[in-house]
Amino acid sequence: MEVKLWNDKREREMYENFAELYAIIKATEKLEKAYVRDIVTSSEYENECHKLIAHFKTLASTLKDTVPSIERFADTYKMDCPAALNRLVTSGVPATVEHRAAASASTTTSAAIVAECVQHFITAMDSLKLNMVAVDQVHPLLSDLLGSLNKLTILPPDFDGRTKMKDWISRLSKMGAADELTEQQARQLHFDLESSYNSFMAALPNAGT
């Protein structure tokens with residue numbers, strides 16, 4: 001005896017949509033695993049993933065009344081597809097797009113910090129030229145510079161300029177706020193700032209290209 005899953009056309013359509021949703025989730029899970037294992041290229045993955053996400057969004061919108069929670073749907077049918085749920089429900093874009101966005105954001109952030117470091121270097125050197133040599137004038141400038149250098153992850157960990165600034169800050173911390181650098185100290189600090197600035201520019205990726 002044949003068992004009917006539906007009683008009318010509307011129910012039949014609903015179950016067909018359920019089957020399609022099930023298939024999309026399963027296909028996305030397989031695609032995510034294939035991408036992670038390098039079985040498909042990035043472009044193949046991205047094209048297929050875009051299609052699956054588009055189909056999913058259309059279907060999820062159609063089924064929003066009968067399937068309010070995709071996670072519950074997956075749980076009900078014991079699907080065990082965490083990668084697919086992350087891609088379809090949480091992210092909504094292919095992993096390749098996410099990675100590009102993250103790289104772009106990182107590049108933008110780095111560029112802003114590089115500009116900040118350059119500004120602090122120049123401000124500190126200009127201040128010394130203007131004979132602003134009191135400890136309470138020099139210390140904040142070097143602290144700002146070191147803070148920016150520490151934020152910049154593209155610099156090598158043993159960057160010499162960072163070490164020199166730490167040494168100067170340590171030296172200034174032992175002096176009184178109203179104390180002033182001697183002419184020799186100011187000259188040495190300016191030299192260290194200038195050489196650190198040149199090393200900084202040389203250490204940046206694609207410097208001079």
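Helices here are DSSP runs of H or I with at least four residues, numbered from the N terminus. The model is predicted, so local features need pLDDT of at least 70 and side-chain atom pairs count only at pLDDT 80 or more, while totals for chains, interfaces and linings use all residues. Residues are numbered from 1 along each chain as its sequence is written, and side-chain values use heavy atoms, leaving out hydrogens and water.

**Exercise 1. Place E71 and list what it touches.**

Start with the helix: E71 lies in α3, residues 70-76. Next, take its accessibility: at 42%, E71 is partly exposed, because that class runs between buried (under 20% relative accessible area) and exposed (over 50%), with a 1.4 Å probe and protein chains only. Finally, look for contacts (heavy atoms within 4.5 Å): leaving aside residues up to four places away in sequence, E71 touches L85 and V89.

**Exercise 2. Check the length of helix α6, then find its packing partners.**

Helix α6 has 17 residues, 135-151, and at 1.5 Å a residue it should span 24 Å; its end C-alpha atoms are 24 Å apart, which agrees. The expected span is 1.5 Å times one less than the number of residues. Now pick out the buried residues of α6, among them V135, V138 and L142. These buried residues pack against α5 (95-129), α7 (160-173) and α8 (183-203).

**Exercise 3. Classify the ring pair F121 and Y197.**

Rings of Phe, Tyr and Trp (its six-membered ring) pair if their centres lie within 6.5 Å; planes under 30 degrees apart are stacked, over 60 edge-to-face, the rest tilted. The structure holds 7 aromatic pairs. F121 and Y197 are 5.5 Å centre to centre with 65° between the planes, an edge-to-face pair.

Notes:
Helix = DSSP H or I, 4+ residues; strand = E, 2+ residues; numbered from the N terminus.
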